[in-house]
Amino acid sequence: MNSLIQRTFPRGGNTSVPHRKDATEGKAIRNLPAPSIVVIPMVQHIGAPCEAAVSVGDRVKIGQPLGESKAFVCAPVHASVSGEVIAVEPRPLMSGAKAVSIVIRNDGKDEMVDFEPGDFRKMSPDAIRQKVKDAGIVGMGGAGFPAHIKLNPPKPVDTILINAAECEPYLTCDHRLMVERAPDMVEGLLAMMKATGASRGIIGIEANKPDAIAQVEDAIKDHQQLSVAVLTVKYPQGAEKQLIKAIVDKEVPSGCLPADVGCVVNNVHTAIAVYEAVTLGKPCYERVVTVSGGATVDPRNVLVRIGTPVQNVLDYCGGLLGEPAVLIGGGPMTGPPILDLYGPVVKTLSGISALTREEAGFDENRPCIRCARCVNACPMGLTPNFLGEYSNHEMYDKAKKLRALDCIECGLCSYVCPSKRALVTWIKKGKAGIAARRAMESERGVSVCK
Amino acid sequence: MQVKTGPFLRDNVTIKRVMIDVLIALIPTMIAGVLLYGRHALVVLFLSTLSAVLTEAILTRAPFTIKGIFGDGSAAVTGALLGLILPHTTPFWVPIFGAFFAIALVKLAFGGLGYNIFNPALAARALLLLAYTSVMIYRTDAVTGATPLWSSNTVSWPLILGNVDGVIGETSVVAILLGAAYLFYKGHINWRIPVSCLGSAFVLAMIWGLDPWHTIAAGGLMFAAFFMATDMVTSPVTPVGELIFGAGCGLLTFMIRQYTPFPEGVTFAVLIMNALTPAIDSLTIPAVFGVGASYKTRVQGFVVTTVAVLAVFGVLVAIEYQEPEVQPVITHRHYLPIHDLLGDPDFDIVDVGETRYYVVRDEENNPLQAALIAERNGFNGPVYFLVILQPDHTIKSVQVLEHRESPGFGELITRASFLEQFVGLDKDSPFTVGSDVQTVSGATISSTAVITGVARALDDFDAAFFKVDELVQYTDGTYVGQTNSFGGPMEVEVVVAGGKITSVEVVKHSDTPGFSDGAITGVPDRIVAANSPKVDAVSGATLSSEAIMRAVENALESASSGSNDEVFEGVTAPARSSWKITVGDGTYQGQARGFGGDLILDVTVSGGKITDIVVVKDSETPFIAGAAFKELLPALIEAQGPVDAVSGATVTSGAIHDAVRDALDIKEGQ
């Protein structure tokens, strides 16, 4: 794939969503010193929560599994510090909701369990997957889907795509990982290809990261089956379906998975975690988080132990400049507000954004002037103005008919709306309403995707 | 921190910014309109914008600050747009009321911004067009060619740059495109509606054999395509929907222009499409990513579209072939269903002099029914009226088309009770004001204008169609004719060849050079062209013209085999002589009964000729009599004898003559 040609998805999208990455994209990742207390939730993934495997008073080491589940869709969690388990109880997450968490007091010794290195080139796909599973790797781009399940697609796939678009404003963790650890990412990609039987791997990078592109191209130069696809900087280029469309020019049918078009998509950080798990035997207990926003004193990219309270991360970065207009767990387009500063950093948190009043925008809910900016912007080709209205008024049948379930919640409709309507919020409500209806009616599901 | 929901980034476009951008985009058009039409246009624009803004501010109880009153700017946009689609000649209450209606009823009553179904500015214009037509159609003095849609068929530079009759905003294509370019640049409009709107009109014009560029450049279509049809609230949100909407606007505009009497169709075309917008939206919901239309659906869509296009085209063609091409006659702000009035769709249009006749002919090509439009000066300006004649050439009806007479007084000439009197009269009927035909009390001058105008019109009709030269065959030869013109004897030479007059030449005359030249050169040509000595006089040289005609008539007396004794209307005596003055030099006073009372003149005689006439007392109608005095008195002195009455002041003219004769003791007929 020629890296001089920029690829993009044809429908919708917006190129004027600001990047705002200059504060952190040039800053190397720093290790955040482990906090004195970590709070590790039992659910940091899509699927069933883990069951605690330790009890209060147990001594644990870094990398020790703390919880797992027999459920199919699950990923174990591991200790990120060594020390004593002081509590196993519901603790508030960043969102304010409570989840059963294992609280460990750090003894400062950083003792680790023994890691088992390996060579994926000599391992079977099953073995690779097992290692990935044992390492508790989930989609670290924010979705949190257990990686080992993704590496076992129901259909044969021929392409692994690495989602290095990072289209979310402010976030630069993937960018820095590529600049600093491109070979590790490549290793992880190759391991994933082995596990899935894919014949080619393509790393899709947005054109605003030339240094990353250069590093990755250098890292893959000896691998014929790998290539870099340079992507137009257009939000939401990093949305999975849009990425697939841009790179391999296939549309994932509604309700289906990427595997149905022969692809598996993984995040940069996930690929590196796979490398660490398979090659180094290191489980997932830390991740890079971008701390940014106009209200941060010292924005930077930090490597954070899972379970570190958000407050600790902010303190490390110099704290906040007064009360920010909004503090977001992630980026401003898709990230939820952080409501509890002592909520822990989890595997899926890619950024903490503290926005000032000038940077942030909020709902005003003026009347819809039918300007169709949302219709033109929606990457899924929906009509968010109607969808939002129907969903808000709980007309879930109409919302379903207008295919609310296809919304990827990228936030672009609200972003472009001149009336500042809470479109995404309403559509989320509509989706929940439809799902609830579905659950109420016992429908016989007919799978369209064979 | 409050609990809010994402996303937490917003593009910096707001409703207010969009509206301000639209206002900016309208500036070139506004400037062009004011430059073309002047101060009046600026006032209209200002009033409509102000009225719209204030209406919305008051009805929505906006805070009483500049910012509050301006609001989100949408009212100002509506006001500006409305001002730009009004003619600059409208009275000031029109933009005020129109803007009020647009905001209060078409927008706010439906729920305010975002809820209205119809474009408020266009709906207001439609209301004004239908209820107050007279103030809405741009006034022009031509009987035909009211707006460029009816006149030239080519696009001319004035049309592009703006120098043509129409509403304030529609005339300068350059200004419109400039503004549209700004809106495109700002991303507030996209190409779909303008291109489909102008494109469909273009294509239809080509198919119908009309000039497509003229079709899209004239009549407000371009302005509507970029500024009206693109109004976000009232147009579809889906891409395909926008294409259908635009195409519909273009199609309906074309059809309304072609098949209805309205001078422009854009207003109603867009309003109709506004009504269809919700339906169009629900029928054109785009295909979602990952949901492909099945082959069957695609085929269906293609077939339906093709059938629809063919059906529409077929209907248009069928209409064209079914109905005979009816020439819509629009004149003086009235649509005249000539074919209904004459009872026959098969009529000829004949221009004689400056009058246009609509004539139904019989098998021998003689005129049967006829309709004509004539004018006569009334109290405040010309009065245009329509006369319909029966096959026996008696009047079937008289109708006043346009006038500027005073409301409550002269305006009453439009009353049936006045106009009914004309029914059944013909050219030989007496038309004496006050006895044969009654005036409207309090509106003497206006009534007289109509009465004399109708009488004159009948005579003209007779002259136009029944003095046909086929009746008269002249014997070949060269003839000389003589008569007395007002300056002295006049002699003409007439050559007849092949039974027709081939040349007329004035060989001798003593008329005033400069005044009579027009007649000397013009009348002979007319006589040759008409093959008849009875032609229109050259205005400003009536006496000379009539003298030439008399002389030719005399010359041909021996040449013609047909009867030649029709009385020439307007000439009271075959030969005009000057008065024989028997009194000595001095000043004599004469009196006569005028129109409003006694008329007393002082006539000065010096050297055996009348040298001065002064009005001592009169009770004539000021406006009319003024003209009579101004024209007649010098003419009398010039002619030293009786002269033509001044049109519209017959009685006064006659009174002046009587008074002079009374002063000089000249008997009638001397």
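Which strand of chain B is B:Ile600 found in? That would be S12, residues 598–606 (strands are DSSP E runs of at least two residues, numbered from the N terminus).

This is a predicted model, where local features need pLDDT of at least 70 and side-chain atom pairs count only at pLDDT 80 or more, while totals for chains, interfaces and linings use all residues. Residues are numbered from 1 along each chain as its sequence is written, chains are lettered from A in the order in which they are written, and side-chain values use heavy atoms, leaving out hydrogens and water.

**View 1. The surroundings of B:Ile600.** B:Ile600 is buried (under 20% relative accessible area, 1.4 Å probe, protein chains only), at 15%. Not counting residues up to four places away in sequence, B:Ile600 touches (heavy atoms within 4.5 Å) several residues, among them B:Gln589, B:Gly590 and B:Val616. B:Val616 sits 16 residues away in sequence, with 5.3 Å from C-alpha to C-alpha.

**View 2. Where chain B meets chain A.** Here 32 residues of chain B and 59 residues of chain A take part in the contact. Together the two chains bury about 3,900 Å² (accessible area, 1.4 Å probe, lost on being put together and summed over both), with 63% of it on carbon and sulfur atoms. B:Phe8, B:Leu9 and B:Phe289 supply 24% of what chain B buries against chain A, more than any other three residues.

**View 3. A salt bridge across the interface.** B:Asp11 pairs up with A:Arg373 in a salt bridge (Lys or Arg side-chain nitrogen within 4 Å of an Asp or Glu carboxyl oxygen), with the closest N and O atoms 3.2 Å apart. The rule finds 3 salt bridges across this interface.

Definitions and conventions. Helices (H or I, at least four residues) and strands (E, at least two) are DSSP runs, numbered from the N terminus. Buried means under 20% relative accessible area, exposed over 50%, partly exposed in between (1.4 Å probe, protein chains only).
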